[in-house]
Amino acid sequence: MGGGTILILCLSMFIGIEQHIAQATNLIFFIPTSIVAIITNIKQKNIDFKIGIPIAISGIIGAVIGAIISNKLDVVRLKRYFGIFLGMIAIWEIYSMTKKYIYEKKRHNKDINKKIKEEK
């Protein structure tokens with residue numbers, strides 16, 4: 001979940017802007033910041049174009065399809081689907097963090113056990 005998601009949430013919940021307008025405002029904000037990020041990362045040679053170009057094309061196609069679908073939905077449904085989407089992201093993030101925590105704890109315990117055996 002990124003800043004755009006939080007921006008949409010703040011615009012729609014706290015300022016009272018309609019969901020469609022909040023999402024469009026997010027996109028307008030996202031375009032210049034993305035261009036700057038792309039230029040910076042190209043200069044630093046952080047972009048693998050073999051992977052990046054297909055992902056960018058897929059993202060553009062997905063954005064167009066998403067915009068068409070969201071324009072056909074009423075605000076109540078759009079908010080509900082956006083909430084479900086945020087919930088799914090939250091569940092995934094909790095799952096990923098838990099999995100990482102368990103992995104690191106096991107690795108830490110192995111390191112401790114290894115040091116104890118070496119000291120003996």
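Which residues make up the largest nonpolar core? In this predicted model, that core consists of five residues in all, namely Ile8, Leu11, Ala22, Phe82 and Leu86. Two helices, α1 (3-13) and α4 (75-119), are the elements that give two or more residues to this core.

Among the core residues, Ile8 was examined through its contacts beyond the residues up to four places away in sequence, and these comprise Gln19, Ala22, Gln23, Asn26 and Phe82. Leu86, another of the core residues, lies in helix α4 and counts as buried because its relative accessibility is 13%, which falls under the 20% limit for burial. The C-alpha atom of Leu86 is separated by 8.2 Å from that of Thr5, although the two residues are 81 residues apart along the chain.

Helix α2 covers residues 19-43, and its 25 residues, taken at 1.5 Å a residue, should span 36 Å; the C-alpha atoms at its ends are indeed 36 Å apart, so the expected and computed values agree. The helix nevertheless carries a kink of about 25 degrees at Phe30, a position that lies shortly before the proline Pro32. The buried residues of α2 are Gln19, His20, Ala22, Asn26 and Ser34, and these pack against α1, α3 (49-72) and α4.

The relation between two packed helices is described by the angle between their axes and the distance between the axes. For α1 and α2, the axes come within 9 Å and cross at roughly 140 degrees, and the crossing in which α1 passes α2 is right-handed. On the α1 side, the residues that meet α2 are Gly4, Leu7, Ile8, Leu11 and Ser12, whereas the α2 side presents Gln19, Ala22, Gln23, Thr25, Asn26 and Phe29. One of these α2 residues, Asn26, is buried because its relative accessible area is 12%, a value under the 20% cut-off. Leaving aside its neighbours within four places in sequence, Asn26 is in contact with Gly4, Leu7 and Ile8, each of which also appears among the α1 residues listed for the helix pair.

A further buried position in α2 is His20, which counts as buried because its relative accessibility is 19% and the limit for burial is 20%. When residues up to four places away in sequence are not counted, His20 touches Ser70, Asn71, Leu73, Asp74, Val75 and Leu78. Of these contacts, Val75 and Leu78 fall within the range of α4 (75-119), while Ser70 and Asn71 fall within that of α3 (49-72).

The segment that follows α2 shows a backbone feature at Lys45, a residue placed in the loop between α2 and α3. Most residues other than glycine have a negative phi. Lys45, however, has a positive phi of about 55 degrees although it is not a glycine, and this conformation occurs just after α2. In contrast to the buried residues of the preceding helix, Lys45 counts as exposed, because its relative accessibility is 75% and exposure is assigned over 50%.

Terms used
Residues numbered from 1 in each chain as written. Predicted model: local features only at pLDDT ≥ 70, side-chain atom pairs only at ≥ 80, totals over all residues. Heavy atoms only, no water. Core = buried A, V, L, I, M, F, W, Y, C linked by side-chain atoms within 4.5 Å. Buried < 20%, exposed > 50% of the residue type's maximum accessible area, 1.4 Å probe, protein only. Helix = DSSP H or I, 4+ residues; strand = E, 2+ residues; numbered from the N terminus. Contact = heavy atoms within 4.5 Å. Expected span 1.5 Å × (residues − 1). Bend = angle between axes of the 7 residues up to and from the residue. Axes fitted to C-alpha atoms, helices over the stretch in contact; angles between N-to-C directions. Left-handed = near helix turned anticlockwise from the far one by under 90°.
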